[in-house]
Every structure is written in C-alpha cells, then in structure tokens.
Amino acid sequence: MSSIRRVESIIEANALIGKETLHPMVTVIDFSKHGELHYIKMNIGFYGVFLKTAKDVDLFYGRHQYDYNKGTLIFIAPGQVVGFNEEKLGKKFRPTGWALMFHPDLLQGSPLAKRIHDYTFFSYDVHEALHVSEQEKQIVIDCFSKIEHELGRGIDKHSKTLILSNIELFLNYCVRFYDRQFITRDNVNRDVLTNFESILDDYFSKSLPNTEGLPTVAYCAAQLNLSANYFGDLVKKETGKSAQEYIQAKLISIAKERISEGNKSMSEIAYELGFKYPQHFTRLFKQKVGVTPNQFRSDN
C-alpha cells in the first residue's frame, strides 16, 4: 500500500511545485508556468479545484480514476485523498491546466463560510466531474485570473473581501454549469430515475425494511454507483423533489396499499415498512396524507 502524504496548508501545496506563496490561505496555479512534478498521493487540508485540459494524466480521487475530457473541473474538499496511479508514484510528469486552492480558515467570518456546504459538487464522486465547454472553460480561467491578479497586488484590508467575492462568483458559475450538464444528460438522468424506482420496489418486495430499516438516500445512491450528493441533486433537478421526499412518497404509496387491504394492524404495517416505532409511521403518514392511518382505513 502506497504512503499518503498529508498536505495541510497552502504554503505546503505551493512548495510542492516551487511556487511563491503570495497569500497563506489561497493560491492560483497556472501549471503551464511550472516544470515537471512528481506523482504523489495526498490527503489535503483545504479546498481544491482543478481545471484539467489534457487527457494524458491519470489522476485518482480516493480509489477511482477520473476520465478526462478536454476541460474537466474536479472539486476536492478538505480531508479527501487525491493522487495518481500506483505504478506512476515517484515518477515525473508535466501537468497542464489550472488549480485554485483555498483553506477553510479563509472563509471564517464571511457569508461564504455559511454557504460553502451548499456547493455539493465538492462531495461528488469521480465520474461526476464537471465537463466544461470551451466558452465555460474561458469563464473559469477568467475567474482564476482575477483571483491571481488580486493576489499579485499584495495583502491589504480589501484583499479578503475581493478574493472571497471572486471565489464565490466562480462557484456560482459552476452551479450553472452543472445545471447545464444535468440538462444535456437528460436521457441518462431518466434512466437513473427509472432505476431508482426499481430499487425502491425491489427493496420493499424483498422485505429488506425488516432487517435494514427504512431505505436511505445513501443506500439508493450506492446501488446506482453515484455519490449521495450528486444523486440528490439529480433527483431534485429532474422531479422538483428531494431524494428523501421521493422515497417518502414511495413509502406512503405502499403504506396506502397495505392499509387498504385491511388485514394487518398499523403496528405490523409500520414494522414491515422499516419503522422502529409505529408512532413515527403515524406521524409521517398524517403529515403527508392529512389523516392518520386508521382514519385512512376507515375512509377507504
């Protein structure tokens, strides 16, 4: 098993490529201005966004490999592992593209600190990277260049505000680009929703709730080989409902069928559906349907 190097700070990250640190909390790297680097595997302590413009570098994220297209954005959150093919570790390569890296401490006391977790693409899986068009790639580079320009001016009382504003502008563009990617992959998304429905049907038909409890978003996402965040965002974009709301709607639909059959108690139905406590089932049912399970049975 290869060793993983812990890279905690922006200063350490800059040192790896021989770049001068202009700000201890943020850096922008244009790899065309730097020489060869060694392949390593890192656990980073900061946010990283990498714009790859070549297909000849096999970057791994966790245990999986990125499939690069020309103009691919990769988002990495603090604590995640990024590296390269085991066979290449220690060897040299010449990277291309750009990188934006910023430490979580940079966000402290700013509005972005409260919103950073809304940018769920920092927790997307490897095959869910953002593939940008030539026009979108230029917007990304423009955003990086503005941050780089601000760093070159030196640190003053306006630096943090202006740098964070440009980072947030860039992240908001990425939200737009991901929305576009969801739309352009509409056929694939419909397949995901169809399979999502099948997974739920299979879950309840096999009586998995008796042993596993209620189906979760994470379980369904794993069955589809998607990260929970990407899966949740996809379902929301396609249906207008969160993945959890979609699961609950399916749950209520099955509950109505079993209640209408009339031969089981509400407690039995609740346990069959995966609820640990029947009162939780009753509460959810009334919240979604407007009446209690017993009232629903009487009315039907």
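Start with the largest nonpolar core, a set of buried Ala, Val, Leu, Ile, Met, Phe, Trp, Tyr and Cys residues joined through side-chain atoms within 4.5 Å, where buried means under 20% relative accessible area with a 1.4 Å probe, counting protein chains only. This core has 53 residues, and those with the most contacts inside it are Phe-122, Phe-170 and Phe-231. Its largest share, nine residues, comes from helix H4 (residues 159-184); helices (H or I, at least four residues) and strands (E, at least two) are DSSP runs, numbered from the N terminus. You are looking at a predicted model, in which local features need pLDDT of at least 70 and side-chain atom pairs count only at pLDDT 80 or more, while totals for chains, interfaces and linings use all residues. Residues are numbered from 1 along each chain as its sequence is written, and side-chain values use heavy atoms, with hydrogens and water left out.

Next, select Ala-13, Ile-74, Ile-76 and Ala-99, which are included in a second, separate core of 16 residues.

Ala-13 also leads to helix H1 (residues 10-17), where Ile-10, Ala-13, Asn-14 and Ile-17 are buried. These four cover an arc of only 95° around the axis, taken from the directions from the helix axis to the C-beta atoms, and therefore lie on the same side of H1.

Now move to strand E2 (residues 26-30), where five of the five residues are buried, so the strand is largely enclosed by the rest of the structure. Val-26, Val-28 and Asp-30 are on one side, and Thr-27 and Ile-29 on the other.

Methods
Buried means under 20% relative accessible area, exposed over 50%, partly exposed in between (1.4 Å probe, protein chains only).
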